[in-house]
Amino acid sequence: MQLSTAPTVGRRRRGNPDSQGLLGVLSVCATLLQLCAGCPSECVCNSLEANCSGRSLVSVPALTSLPGGTHTLLLANNRLSSLHVSAFANLSTLETLDLSNNYLDNLPSRLFRELSNLSDLSLRNNSLTVLDRELFRGLTLLRRLDLSLNGLATVPLGLLDVLQGLTWLSLAGNRLHALERATFEPLVNLQHLELGMNPWECDCNLRDFKHWMEWLIYRGGYVDAVECTLPKDLRGRDIRGVPVEMFNYCLQLEDENGGGAGSTKSGSPPCFRGTTAPSSEGAVVRTEAELPDCVKHRYRPVSVRRAIGTVVIAGVVCGIVCIMMVAAAAYGCIYASLMAKYQRELKKRQPLMGDGEADGDQEEKHISSVA
């Protein structure tokens, strides 16, 4: 009995490691099954990323079953032309969303409202021509936004108001000819701005935005080349190198046309095209953020270049005036000293001249008495 028992016990002891390894393999398989069960068939998923790129998708797959904790969703290089307003619902863990290289031409309002943790959004190389001003509501943590290679002709006022943490923005390769300064003022943390490959018209409509670009560069930001297409005498030139004095005629036009609050578009050249000053009734209803830049006076930055030039000129003029005053004072002191010396000399000579005249009189009196 003892001989038959020993081998049995030995076999049981050798079987324990095998059973533990089997349990580990089963647990890994169970985890993989859970991931595969929650991943759309059109995508490849892991614990952090769902890659649905290059699948020729014409609609967004069901994303509600994505593995919990997914941080990155890639939908690039597909054939998406539209998105449902709830396409990204219940995906609050997303930090990166790539929709580049598709055919998107219209995005519903507040499409990204539930992506509260999104930090990187790419809409590069689509067919976007208009952006709803409520599109980015909820993206308070967004740091990087790529809107390049689309057909955007305008950037709506208020579109970027909620993106105060944005540090990188690309609007290159669109149809932009002018931008409003007030649209970009909320971007207090912006450090990198791409604006190349746009048909910029370097006239009064771009003057105030030029001032804002100069301020961004002055505080250490980067702006790429903004080449003018109009007017002809500025074609091919970078507006950053165009002297601000070339826009002085805009101020004259404002004065002649009664520019300022309450003026129409034709009476205020620096206002953005397509914006008109609100009527008295509209001014009561609309908020300050909705007012055109020509009406809203809270943003009036002064050109840094003009300010520096004014300080230099004022310093030179003051220096010249001071030198002239010192020279005049020195001349006055020298003249007064010479006049005082001259007067002293005259006083010294007057008694001598008086004594000579007295002696002459006495001699005349003596001669007359002898006679």
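**Figure 1. The side chains of E185 and R181 meet in a salt bridge, at 3.8 Å from N to O.** The model shown here is predicted, so local features need a pLDDT of at least 70 and side-chain atom pairs count only at pLDDT 80 or more, while totals for chains, interfaces and linings use all residues. Residues are numbered from 1 along each chain as its sequence is written, and side-chain values use heavy atoms, with hydrogens and water left out. A salt bridge here means a side-chain nitrogen of Lys or Arg within 4 Å of a carboxyl oxygen of Asp or Glu. By this rule, the count comes to seven salt bridges. E185 and R181 are both buried; that word stands for under 20% relative accessible area, with exposed meaning over 50% and partly exposed in between (1.4 Å probe, protein chains only). The pair also has company: R181, E185, R207 and D208 are linked in a network of salt bridges.

**Figure 2. Two more salt bridges: R137 with E134, and R240 with D238.** In the R137–E134 bridge, the closest N and O atoms are 2.8 Å apart. Are these two residues buried or partly exposed? R137 has a relative accessible area of 23%, so it counts as partly exposed. E134 is partly exposed too, because its relative accessibility is 21%. Now for R240 and D238: their closest N and O atoms are 2.6 Å apart. With a relative accessible area of 28%, R240 is another partly exposed residue.

**Figure 3. F88 and F112, one of seven aromatic pairs in the structure.** Rings of Phe, Tyr and Trp (its six-membered ring) pair if their centres lie within 6.5 Å; planes under 30 degrees apart count as stacked, over 60 as edge-to-face and the rest as tilted. The rings of F88 and F112 have centres 6.1 Å apart and planes at 20 degrees, so this pair is stacked. Which parts of the chain does the pair link? F88 is in the loop between strand 3 (72-74) and strand 4 (96-98), while F112 is in the loop between strand 4 and strand 5 (120-122), so-called distant parts of the chain, 24 residues apart. Helices (H or I, at least four residues) and strands (E, at least two) are DSSP runs, numbered from the N terminus. Both F88 and F112 are buried. Add F136, and ring pairs link F88, F112 and F136 into a cluster.

**Figure 4. F209 and W212, a stacked pair in helix 3.** Their ring centres are 5.6 Å apart and the planes sit at 25 degrees, so the pair is stacked. F209 and W212 are three residues apart in helix 3 (residues 207-218), which means about one helical turn separates them. F209 has a relative accessibility of 1%, so it counts as buried. W212, at 3%, counts as buried as well.

**Figure 5. The charged end of R144 sits over the ring of W168.** How far is the charged end of R144 from the centre of the ring? It is 3.7 Å away. To qualify, NZ of Lys or CZ of Arg has to be within 6 Å of the ring centre and within 35 degrees of the ring normal.

**Figure 6. Three backbone spots to look at: L230 to P231, N77 and L149.** Most residues other than glycine have a negative phi, and most peptide bonds are trans. The peptide bond from L230 to P231 is cis, with omega near -5 degrees. P231 lies in the loop between strand 11 (228-230) and helix 4 (248-256). N77 has a positive phi, near 60 degrees, and is found in the loop between strand 3 and strand 4. N77 counts as partly exposed because its relative accessibility is 43%. L149 has a positive phi as well, near 55 degrees, and its place is the loop between strand 6 (144-146) and strand 7 (168-170).

**Figure 7. Residues 307-340, which UniProt lists as "transmembrane region" in an unreviewed entry.** UniProt positions are given in the numbering used here, feature names are shortened, and annotations may be inferred rather than shown by experiment. The span is 100% helix and 0% strand, and its end C-alpha atoms lie 49 Å apart. I320 lies in helix 6 (residues 304-370) and, at 46% relative accessibility, counts as partly exposed.
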